[in-house]
Amino acid sequence: MVTRSREIPVCIFRSRVEALAAYLGALTGREPRIRGQSSHARVEVDLPNPLPDEARIELLAALAAADRYGHDVTAEGASVWAEIVVRQRKNPGEVARPPGARPT
């Protein structure tokens, strides 16, 4: 699992979740499932068997754009999931900085 920390305004958060769900659905031909929490949203989609190589490469790129992602395999089949994290800024005018960056 890969984890990245990002500061994302709520409207951008919703747009990213919807775009990710639409893209995963288009790549797999399956209906994505969205589960929302107060801190993040999780998009899950079942994978077709076989998944064409072209779709696999695009799928990996889409997952890499998420904050966290993973792959589950069960007796029923395989699925992937991706999470987008939302964080509210403490001060509305605050500028987001990469972790470890010093204020200017």
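These legends go with a few close-up views of a predicted model.

**View 1. The whole protein, with its two helices and four strands.** Start at the N terminus and the elements come in the order α-β-β-α-β-β. The chain has 104 residues, and 34% of them count as buried. If you take contacts between residues at least 6 apart in sequence, 54% link residues at least 24 apart. About 7,000 Å² of the protein is exposed, with carbon and sulfur atoms supplying 54% of that area.

**View 2. A close-up of His40 in strand 2, which covers residues 40-46.** Is His40 buried or exposed? His40 has a relative accessible area of 16%, and because the cut-off for buried is under 20%, His40 counts as buried. Its side chain makes a polar contact of 3.0 Å with the side chain of Ser39. Leaving out residues up to four places away in sequence, His40 touches Phe13, Arg35, Arg68, Glu83, Ile84, Val85 and Val86.

**View 3. Helix 2, end to end, from residue 53 to residue 64.** At 1.5 Å a residue, these 12 residues should span 16 Å. The C-alpha atoms at the two ends sit 17 Å apart, which agrees.

**View 4. The two sides of helix 2, one with buried residues and the other with exposed ones.** Look for Ala55, Leu59, Ala62 and Leu63, which are buried. They cover an arc of only 95 degrees around the axis, so they lie on the same side of helix 2. Which residues are exposed on the other side of helix 2? There you'll find Asp53, Glu54, Ile57 and Leu60.

Terms used. Residues are numbered from 1 along each chain as its sequence is written. This is a predicted model: local features need pLDDT of at least 70, side-chain atom pairs count only at pLDDT 80 or more; totals for chains, interfaces and linings use all residues. Side-chain values use heavy atoms; hydrogens and water are left out. Buried means under 20% relative accessible area, exposed over 50%, partly exposed in between (1.4 Å probe, protein chains only). A polar contact is a pair of N or O atoms within 3.5 Å; within protein, one must be able to donate a hydrogen and the other to accept it, and residues adjacent in sequence count only if both atoms are side-chain atoms. Contact means heavy atoms within 4.5 Å. The expected span of a helix is 1.5 Å times one less than its number of residues. The arc is that of the directions from the helix axis to the C-beta atoms. Accessible areas come from the Shrake-Rupley method with a 1.4 Å probe; for residues, only the protein chains shown count as cover.
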